[in-house]
Amino acid sequence: DVCSSDLFDATLGYGGHSLEILRKLQPSGILYATDVDPVEMPKTVERFAKQGFGEDTFVAKRMNFAGIDRVVAESGPFDFVLADLGVSSMQIDNPARGFSFKLEGPLDLRLNPSKGKPASALLKKYTQEELEELFTEYSDEPFSAQISKAIHSAFSKGNEIDTTTKLREVIANALAYRSQQNRKDDIKKACQRCFQALRIAVNDEFNVLDEFLDKLPDALKPGGRVAILTFHSGEDRRVKKSFQQLYRLGIYCDVAPEPIRPGAEECFSNPRARSAKLRWAVKTRD
């Protein structure tokens, strides 16, 4: 019965998922949520408060979801855990955050802009070979060699790559040799993949996800369920591997045999959902 359940939204974001949960959760359930974004999270919490969702039903914590064990120490295990690993629309659409190659802004890409170093610093730190490996491993970029070479060539000439449009221009120049028929699409997809790879690296997202997956079983009540939305093959592989390993060990009694993908209608209404994959698991009852 969701109305009396304890639930956890690992990635609050704009709060779309949390709001739908809260509308079904009352009167006696509690939703805990985490997010690392110091810019957007307070806006979401304030918006929820204005709709009447106070700390008796909604508890938000500004922290990384890899610290789910610290939340459980306060709340106890959960009946349901949700993690949407995609970047939220308000982050993408804010040029100052540097998440979109389509908008002019600083090449930042940090989920928490007050912590760590921006993507522009990461580009300078990596050797050409390390960049090539990054783009290959973190985004399956087929032109990683050409792009990493172009980036280091720009640096060697004394050029800065400290904005989103400067990186987009370097990527476009690296693929200028492509046929006119394919060039525009190749550049667009390469920008998407390279920005994604840099974002994952800047925020250490794979290690965060691995830590979260390791802690999940102890965060769920017996019979508790988890659902994870991924938007990248590397994320999906990690979720699939963890769920299947824990299923074989008997910790999960059921897992998604295949990921659930959005239908054509959803992709049309929300193009950003096109690459989404949802996997779920159910913890074994004692």
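Are H6 and H7 parallel or oblique to each other? Select both and keep that in mind while we set the ground rules.

This is a predicted model, where local features need pLDDT of at least 70, side-chain atom pairs count only at pLDDT 80 or more, and totals for chains, interfaces and linings use all residues. Residues are numbered from 1 along each chain as its sequence is written, and side-chain values use heavy atoms, with hydrogens and water left out.

**Stop 1: H6 and H7**

Pick residues 128-139 for helix H6 and 144-156 for helix H7. Helices (H or I, at least four residues) and strands (E, at least two) are DSSP runs, numbered from the N terminus. The two axes come within 8 Å and cross at roughly 140°. Axes here are lines fitted to C-alpha atoms, for helices over the stretch in contact, and angles run from 0 to 180 degrees between N-to-C directions. H6 and H7 are therefore oblique to each other; angles under 35 degrees count as roughly parallel, over 145 as roughly antiparallel, 65 to 115 as roughly perpendicular and the rest as oblique.

Now show side chains. On H6, go for Gln128, Leu131, Glu132, Phe135 and Thr136; they meet Ser144, Ala145, Ile147, Ser148, Lys149, Ile151 and His152 in H7. Contact means heavy atoms within 4.5 Å. Colour by class and you get five nonpolar, five polar and two charged residues. For the classes, Ala, Val, Leu, Ile, Met, Phe, Trp, Tyr, Cys and Pro are nonpolar, Asp, Glu, Lys and Arg are charged, and the others, Gly among them, are polar.

**Stop 2: on to H8**

Keep H7 and add helix H8, residues 164-174. The axes of H7 and H8 come within 9 Å and cross at roughly 120°, so this pair is oblique too. Gln146, Ile147, Ala150, Ile151 and Ala154 of H7 touch Leu167, Val170, Ile171 and Ala174 of H8. That contact has eight nonpolar residues, one polar and no charged ones.

**Stop 3: H10 and H11**

Jump to helix H10, residues 205-219, and H11. Their axes come within 10 Å and cross at roughly 20°, so H10 and H11 are roughly parallel to each other. From H10, select Glu205, Phe206, Leu209, Asp210, Leu213, Leu216 and Pro217; from H11, Gly234, Glu235, Arg238, Val239, Ser242, Phe243 and Leu246. Here the split is eight nonpolar, two polar and four charged.

**Stop 4: a cavity**

How many cavities of 30 Å³ or more does a search of the whole structure find? One, with a volume of about 40 Å³. On a 1 Å grid over the protein atoms alone, a cavity is a set of points where a 1.4 Å probe fits but cannot get out, and lining residues have an atom within 4 Å of a point.

Select Lys240, Phe243, Gln244, Val255, Ala256, Arg279 and Trp280 to see the lining. Helix H11 (233-248) and strand E7 (277-283) each give two or more of these residues, and H11 has the largest share, three.

Technical notes:
1 Å grid on protein atoms, 1.4 Å probe; cavity = no way out; pocket = protein on both sides within 12 Å on 5 of 7 lines; lining within 4 Å. Points joined across faces, edges and corners; volume = space filled by probe spheres on them.
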